[in-house]
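Thanks for coming, everyone. Please take a look at what I am about to put on the screen, and then I will walk you through the pockets, a few individual residues and the helix crossings.

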Amino acid sequence: MIMEKEIRIYNYRFGELKTYLLVILFVIGNIALPQLCHLIPNGGKILLPIYFFTFAASYKYGFKVGLLTAIFSPIINSFLFGMPVLNLLPVILTKSIVLAIAAAFVANKTRKISLLNLLMIVLIYQVVGTLAEWAMTSSFYVAIQDFRLGVPGMIMQILGVYFILTHFDNK
């Protein structure tokens with residue numbers, strides 16, 4: 001049985017203060033969660049925490065909030081903590097931006113949240129991101145790392161975003 005629920009979707013503009021307040025909150029989440037996950041050996045590679053709040057932000061609050069979260073989260077994390085390392089920053093940014101686009105698009109088209117929608121979004125950003133990483137690194141083995149190690153993180157994203165957006169929807 002595929003659980004599907006209508007939720008309120010917002011699309012804030014760049015000129016709205018709410019956009020930037022939400023971005024700050026989601027970036028803080030994307031800074032804190034990776035720090036917690038990095039306490040586990042290979043936690044970042046397995047749990048893929050840098051994408052979690054970008055996913056939720058994009059799905060619930062639209063492309064602009066998601067895009068800003070997708071850009072600022074990895075850059076600030078890299079600057080403050082050295083993770084992701086600079087040579088991986090373009091790959092992480094690519095995946096984050098594709099995630100923001102895919103999540104906002106699916107949310108706006110369906111106006112519903114379902115595990116199937118979230119799975120589709122994860123597959124889109126991971127497949128596109130893997131192809132981009134392969135092009136950037138010329139190593140297929142490196143490019144498929146998220147599929148080799150990050151499946152628990154992908155599952156966490158799908159279930160976690162579903163739970164947050166269905167249980168905290170202020171419809």
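Four helices, namely α1 (17-37), α2 (43-47), α5 (89-110) and α8 (145-149), each give at least two residues to the lining of the largest pocket, where helices are DSSP runs of H or I with at least four residues, strands are runs of E with at least two, and both are numbered from the N terminus. Before I go further, please keep in mind that this is a predicted model, in which local features need pLDDT of at least 70 and side-chain atom pairs count only at pLDDT 80 or more, while totals for chains, interfaces and linings use all residues. Residues are numbered from 1 along each chain as its sequence is written, and side-chain values use heavy atoms, with hydrogens and water left out.

How much volume does the largest pocket have? The value is about 510 Å³, and of the 24 residues that line this pocket, the closest to its centre are G44, K45, P84, L88 and I92. I should say what a pocket is here: on a 1 Å grid over the protein atoms alone, it is an open set of points where a 1.4 Å probe fits, with protein on both sides within 12 Å along at least five of seven lines, and a lining residue has an atom within 4 Å of a point. Grid points are joined across faces, edges and corners, and the volume is the space filled by probe spheres set on them. In character, the lining of the largest pocket divides into 13 nonpolar, seven polar and four charged residues, with Ala, Val, Leu, Ile, Met, Phe, Trp, Tyr, Cys and Pro counted as nonpolar, Asp, Glu, Lys and Arg as charged, and the others, Gly among them, as polar.

P84, which I just named among the residues closest to the centre of that pocket, deserves a second look, as a cis peptide bond joins M83 and P84, with omega at about 0 degrees. P84 itself lies in the loop between α4 and α5.

Let me turn to the second largest pocket, which holds about 150 Å³ of space. Of the 10 residues that line the second largest pocket, F26, K60, Y61, I164 and L165 are the closest to its centre. Both α3 (52-61) and α9 (151-167) supply at least two residues of this lining, and the largest share, four residues, comes from α3. By type, the lining of the second largest pocket splits into seven nonpolar residues, one polar and two charged.

Next, some individual residues, and I will begin with L48, which sits in the loop between α2 and α3. Its phi is near 50 degrees, a positive value in a residue other than glycine. Is L48 buried or exposed? L48 is buried, because its relative accessible area is 4%, and buried here means under 20%, exposed over 50% and partly exposed in between, with a 1.4 Å probe and protein chains only. P34, found in helix α1, is buried too, with a relative accessible area of 4%, and the C-alpha atoms of P34 and L48 are 7.9 Å apart, with their positions 14 residues apart along the chain. L80, by contrast, has its place in helix α4 and is partly exposed at 48%; from C-alpha to C-alpha, L80 and L48 are 18 Å apart in space and 32 residues apart in sequence.

R111 also has a positive phi, of about 60 degrees, although it is not a glycine. This residue is placed in the loop between α5 and β2 (112-114), and at 38% relative accessibility R111 counts as partly exposed.

Finally, how do the helices cross? The axes of α3 and helix α4 (residues 63-81) come within 7 Å and cross at roughly 165 degrees, so α3 is roughly antiparallel to α4. Axes here are lines fitted to C-alpha atoms, for helices over the stretch in contact, and angles run from 0 to 180 degrees between N-to-C directions; under 35 degrees counts as roughly parallel, over 145 as roughly antiparallel, 65 to 115 as roughly perpendicular and the rest as oblique. For helix α6 (residues 115-137) and α9, the axes come within 9 Å and cross at roughly 140 degrees, which means that α6 is oblique to α9.
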